[in-house]
Amino acid sequence: HPAYETNGFFYVNYTAANPNRTVVSRFKVSPANPEQADLSSELVILTFEQPYSNHNGGQVSFGPDGYLYIAVGDAGSGGDPQENGQSLSTWLGKILRIDVDKSENGKPYGIPADNPFAAGSNGARPEIYAYGFRNPWRFSFDIANGRLWTGDVGQNAWEEIDIVEKGGNYGWNTMEGNHCFDPSNNCDPTNLKAPIHEYDRDAGISITGGFVYRGRTLGGQAGKYVYADYATRRIWALDHS
């Protein structure tokens, strides 16, 4: 929590079984040991079922606006058979944004007023900040300007990097990167946000999103987005200027 030094709150995203599900919880540091959590302090913020074992996403991070952002994969299997990425009625395949300093409608969090679907019209989940992701892994905020970056793991051909904007649709499963996926030809990219970069299977098979480097030690890399591939172990610095 941004006020951790005074309230001792921290947040965890984990998977649980029976049934298979994702849990986002708040814990508090132990008053007796600052290096240990108080397990009895768990407050479940939200939970949802995971029909498959992969693509659980699973990152939580506070943004510069003080809200909690949550990355959620499309539920897994292959090809997004449930069409979760493009459905606004589910949290799956999304980046969510909530206000953990409020309680609304019996829930231990509130909805930021400027969330793109805050009104919940037509069954849209008000927690959604952006959608159309396969497995956003991982995201970060540029400390210089607050810009939200994420790597999104591809299906079988393309890995992508997105700069995430509020309300943006990043294409999955209509598209994989800049390429049609379902249908495989003549898909409609209208109103879809294209990635700022993609790479194919010659370079890697599972992107791990990183950070925009704002340090001074590696002066030549300042302002570049540093990211990697989990399988090939390659690390790159992307110049987006």
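Ala, Val, Leu, Ile, Met, Phe, Trp, Tyr, Cys and Pro count as nonpolar, Asp, Glu, Lys and Arg as charged, and the others, Gly among them, as polar. Keep that sorting in mind for the cavity view below. One more thing before we start: this is a predicted model.

**View 1. The whole chain, with one helix and 16 strands.**
Let's begin zoomed out. The C-alpha trace spans about 55 × 50 × 35 Å along its principal axes. A compact globule of 241 residues would have a radius of gyration near 18 Å, and the chain has 18 Å, so the two agree. Of those 241 residues, 46% count as buried.

**View 2. A cavity of about 40 Å³ and the residues around it.**
How many cavities of 30 Å³ or more does a search of the whole structure find? It finds one. Its lining takes in Arg134, Asp152, Val153, Gly154, Gln155, Trp158, Glu160, Trp172 and Glu176. Sort these residues by type and you get three nonpolar, two polar and four charged. Val153, Trp158 and Trp172 are in the lining, and Val and Trp count as nonpolar. Arg134, Asp152, Glu160 and Glu176 line the cavity too, and Arg, Asp and Glu count as charged.

**View 3. Cys180 and Cys187, joined by a disulfide.**
A disulfide is a covalent bond between the sulfur atoms of two cysteines. The count here comes to one disulfide. The sulfur atoms of Cys180 and Cys187 sit 2.0 Å apart. Look along the S-S bond of this link and you have -85°, which makes it left-handed. Are the two cysteines buried or exposed? Cys180 counts as partly exposed, at 27% relative accessibility, while Cys187 is buried because its relative accessible area is 12%, and buried means under 20%.

**View 4. Asp65 and Arg97, a salt bridge between distant parts of the chain.**
Side chains of opposite charge can pair when their charged atoms come close. A search of the whole structure finds seven salt bridges, and one of them pairs Asp65 with Arg97, the closest N and O atoms being 2.9 Å apart. Asp65 lies in the loop between β4 and β5, Arg97 lies in strand β6, and they are 32 residues apart. Asp65 is partly exposed, with a relative accessible area of 35%, but Arg97 counts as buried, at 3%.

**View 5. Arg201 and Glu159, another salt bridge.**
Here the closest N and O atoms are 3.0 Å apart. This pair also links distant parts of the chain: Arg201 is in the loop between β13 and β14, Glu159 is in strand β10, and 42 residues separate them. Which of these two is buried, and which is partly exposed? Glu159 is buried, with a relative accessible area of 0%, whereas Arg201 counts as partly exposed at 28%.

**View 6. Lys193 and Glu165, a salt bridge from loop to loop.**
The side chains of Lys193 and Glu165 meet at 2.9 Å, N to O. Lys193 is in the loop between β12 and β13, and Glu165 is in the loop between β10 and β11, 28 residues apart. Lys193 counts as partly exposed, at 34% relative accessibility, and Glu165 is partly exposed with a relative accessible area of 41%.

**View 7. A network of Asp65, Arg97, Asp114 and Lys166.**
Salt bridges that share partners join these four residues into one network. You've already met Asp65 and Arg97 as a pair; in this view, Asp114 and Lys166 belong to the network as well.

Terms used:
Residues are numbered from 1 along each chain as its sequence is written. This is a predicted model: local features need pLDDT of at least 70, side-chain atom pairs count only at pLDDT 80 or more; totals for chains, interfaces and linings use all residues. Side-chain values use heavy atoms; hydrogens and water are left out. On a 1 Å grid over the protein atoms alone, a cavity is a set of points where a 1.4 Å probe fits but cannot get out, and a pocket is an open set with protein on both sides within 12 Å along at least five of seven lines; lining residues have an atom within 4 Å of a point. Grid points are joined across faces, edges and corners, and a volume is the space filled by probe spheres set on the points. A disulfide is a pair of cysteine sulfur atoms within 2.5 Å. Buried means under 20% relative accessible area, exposed over 50%, partly exposed in between (1.4 Å probe, protein chains only). Helices (H or I, at least four residues) and strands (E, at least two) are DSSP runs, numbered from the N terminus. The radius of gyration is taken over C-alpha atoms; the globule rule is 2.2 Å times the number of residues to the power 0.38.
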